[in-house]
Protein chains: 2
Amino acid sequence: MPKIGMEPLRRRALIDAAILAIGERGSLDVTMSEIAGRAGVSPALAHHYFGGKEDLLAATMRHLLAELGRDTVAALRRADGARARISAIVATNFSPSQFRSETIAAWLAFYVEAQRSDAMRRLLRVYARRLHSNLASALVELMPRLEALRAAEAIAAMIDGLYIRRALKQGEPDARSAIALVEDYLAIKIARETPSA
Amino acid sequence: MPKIGMEPLRRRALIDAAILAIGERGSLDVTMSEIAGRAGVSPALAHHYFGGKEDLLAATMRHLLAELGRDTVAALRRADGARARISAIVATNFSPSQFRSETIAAWLAFYVEAQRSDAMRRLLRVYARRLHSNLASALVELMPRLEALRAAEAIAAMIDGLYIRRALKQGEPDARSAIALVEDYLAIKIARETPSA
DNA sequence: GTTTTTATTGACTGAGCAGTCAATCAAGCG
DNA sequence: CGCTTGATTGACTGCTCAGTCAATAAAAAC
């Protein structure tokens with residue numbers, strides 16, 4: 001029973017199903033049938049709307065990226081001052097909507113895929129650059145430029161590292177302690193580098 | 001022309017070939033034929049010696065783990081004092097024998113695999129625990145126990161994060177700046193937490 | 001009410017790949 | 001010199017899966 005304007009609905013459902021499937025399998029080694037099945041459609045329809053598996057996966061990655069971007073922008077708008085902006089960025093990366101097993105697994109899987117696929121690598125670089133520049137733009141208000149850039153890299157590395165390490169544990173992710181670790185670094189780094197004041 | 005006592009040679013050659021292949025493809029999605037071909041033998045022989053693909057991959061991971069373990073022990077023996085031991089651990093993780101594109105890609109791929117395979121997860125947990133306990137045992141000599149444990153997790157996360165972020169870049173890995181980031185954290189953390197002295 | 005467009009699928013194909021097996025070849029061994 | 005044992009492979013078997021296509025059916029357009 002065909003209905004009208006199904007394209008956006010189906011695309012969305014397929015992307016959601018892909019995240020779910022990838023999160024459960026823990027890798028991009030999911031079949032189109034699996035994804036389509038979860039979305040309640042036939043595999044053929046998934047091909048119809050996305051062209052191929054690569055395209056579906058790329059769209060899924062883009063979706064994840066966009067979601068994180070939106071969350072970050074929203075959190076940034078709510079933050080008052082440089083210091084608060086950094087905390088907002090960190091908190092967003094470990095917020096319940098981002099720091100879930102499925103999402104973590106998907107990010108990890110996409111990192112691996114980025115080694116093979118130029119498209120994926122480009123996408124992930126967008127994420128890395130955005131994170132770095134958001135952090136750096138706040139940090140330069142708190143310490144000398146050079147130290148700010150270093151701190152931005154250190155924080156970014158810690159965040160990614162906490163994600164990857166999370167993959168080894170089972171049960172629900174512990175965002176609180178992850179945030180605490182990053183905030184601890186932030187606190188001592190700012191204390192150390194703040195020019196007198 | 002069969003020769004005698006080939007088993008250890010073949011196993012080693014196949015593992016080396018597996019690391020190479022995984023490093024190049026950037027994922028565990030390598031065929032037995034590919035690996036066997038690189039090792040100069042038929043796919044059937046790879047099955048003969050390892051039983052199945054999973055077993056070959058597990059053996060490969062174990063090899064990587066053992067190599068890192070040996071390097072770490074050696075570096076630790078050369079280090080004098082708690083502070084030097086930490087630097088030795090960090091330096092080992094970013095040493096040329098570990099911080100190479102193939103090895104990095106392989107580690108990343110195994111992390112992903114760990115989400116699916118209990119065997120892999122157990123293996124990786126061995127690595128994580130060892131790293132953490134090596135770091136912690138040196139850090140407790142430099143700061144209060146609780147802070148030492150936190151610092152150990154932070155450093156471990158930074159190391160893993162620098163590995164994963166490395167995967168996005170091209171060209172040879174830059175170990176120096178990676179080490180500098182971790183050492184910077186270490187320095188300010190020690191300065192901050194050292195009881196007076 | 002006929003034609004076009006959109007939605008949807010079942011059935012199929014072709015490729016790639018893990019794993020098997022029987023056969024071959026060369027050493028050592030009695 | 002037969003015999004066992006280890007090394008090695010080619011050829012083969014299923015299986016899984018991405019991608020295709022023609023067919024169907026409902027809505028839209030005219």
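Ring pairs join Phe94(A), Phe99(A) and Tyr163(A) into a cluster in this predicted model. Over all chains, the count of aromatic pairs comes to nine. One of these pairs is formed by Trp107(B) and Tyr127(B), whose ring centres lie 4.9 Å apart. Their planes meet at 50°, so the pair is classed as tilted. Trp107(B) sits in helix H6 of chain B, which covers residues 101-114. Tyr127(B) belongs to helix H7 of chain B, residues 118-139. The two rings therefore tie together parts of the chain that are 20 residues apart in sequence. Both partners are shielded from solvent by the accessibility criterion. Trp107(B) has a relative accessible area of 6% and is buried. Tyr127(B) is buried as well, at 4%.

The fold of chain A is helical. Nine helices and zero strands were assigned. Read from the N terminus, the order of elements is α-α-α-α-α-α-α-α-α. The C-alpha trace of chain A extends over about 70 × 35 × 30 Å along its principal axes. Chain A has 197 residues, and 54% of them count as buried. Among contacts in chain A with a separation of 6 or more, 67% come from residues 24 or more positions apart. The accessible surface of chain A amounts to about 9000 Å². Carbon and sulfur atoms contribute 54% of that surface. Chain A carries 28 positive and 22 negative charges. The mean positions of these two sets are 2 Å apart.

The relation between the chains was examined next. A turn of 180° with a shift of 0.0 Å along the axis lays chain B on chain A, with an RMSD of 0.0 Å. The two copies are thus related as by a two-fold rotation axis. Gly161(B) has the C-alpha nearest the axis in chain B, at a distance of 1.8 Å. The same surface serves both copies, as 100% of the contact residues of chain B recur in chain A.

Helix H8 of chain B, residues 145-166, holds Ala156(B). Ala157(B) is placed in helix H8 of chain B too. Ala156(B) has a relative accessibility of 0%, and therefore counts as buried, the limit being under 20%. Ala157(B) is likewise buried, at 0% relative accessibility. Their surroundings were listed without residues up to four places away in sequence. On that basis, Ala156(B) touches Arg165(A) from the other chain, together with Leu131(B) and Leu135(B). Ala157(B) touches Ala157(A), Met158(A), Gly161(A), Leu162(A) and Arg165(A). Arg165(A) thus appears in the contact list of Ala156(B) and in that of Ala157(B). Distances along the chain were also compared with distances in space. Ala156(B) and Ala18(B) are 138 residues apart along the chain, and their C-alpha atoms are separated by 26 Å. For Ala157(B) and Met61(B), 96 residues apart in sequence, the C-alpha distance is 20 Å.

Glu147(B) is a further residue of helix H8 in chain B. Glu147(B) is buried, with a relative accessible area of 16%. Beyond its neighbours within four places in sequence, Glu147(B) is in contact with Asp184(A) of the other chain. Its remaining contacts on that list are Lys189(B) and Glu193(B). Ala136(B) lies eleven residues from Glu147(B) along the chain. The C-alpha atoms of Glu147(B) and Ala136(B) are separated by 9.5 Å.

Ala91(B) was examined in another helix. Residues 82-93 of chain B form helix H5, where Ala91(B) is found. With a relative accessible area of 34%, Ala91(B) is partly exposed. Ala91(B) and Ile179(B) are 88 residues apart in sequence. In space, the C-alpha atoms of Ala91(B) and Ile179(B) are 6.7 Å apart.

Terms used. Residues are numbered from 1 along each chain as its sequence is written. Chains are lettered from A and ligands numbered from 1 in the order in which they are written. This is a predicted model: local features need pLDDT of at least 70, side-chain atom pairs count only at pLDDT 80 or more; totals for chains, interfaces and linings use all residues. Side-chain values use heavy atoms; hydrogens and water are left out. Helices (H or I, at least four residues) and strands (E, at least two) are DSSP runs, numbered from the N terminus. Buried means under 20% relative accessible area, exposed over 50%, partly exposed in between (1.4 Å probe, protein chains only). Contact means heavy atoms within 4.5 Å. Accessible areas come from the Shrake-Rupley method with a 1.4 Å probe; for residues, only the protein chains shown count as cover. Lys and Arg count as positive and Asp and Glu as negative; His and the chain ends are not counted. The place of a charge is taken as NZ of Lys, CZ of Arg, CG of Asp or CD of Glu. Copies are superposed by least squares on the C-alpha atoms of residues with pLDDT of at least 70 in both. Rings of Phe, Tyr and Trp (its six-membered ring) pair if their centres lie within 6.5 Å; planes under 30 degrees apart count as stacked, over 60 as edge-to-face and the rest as tilted.
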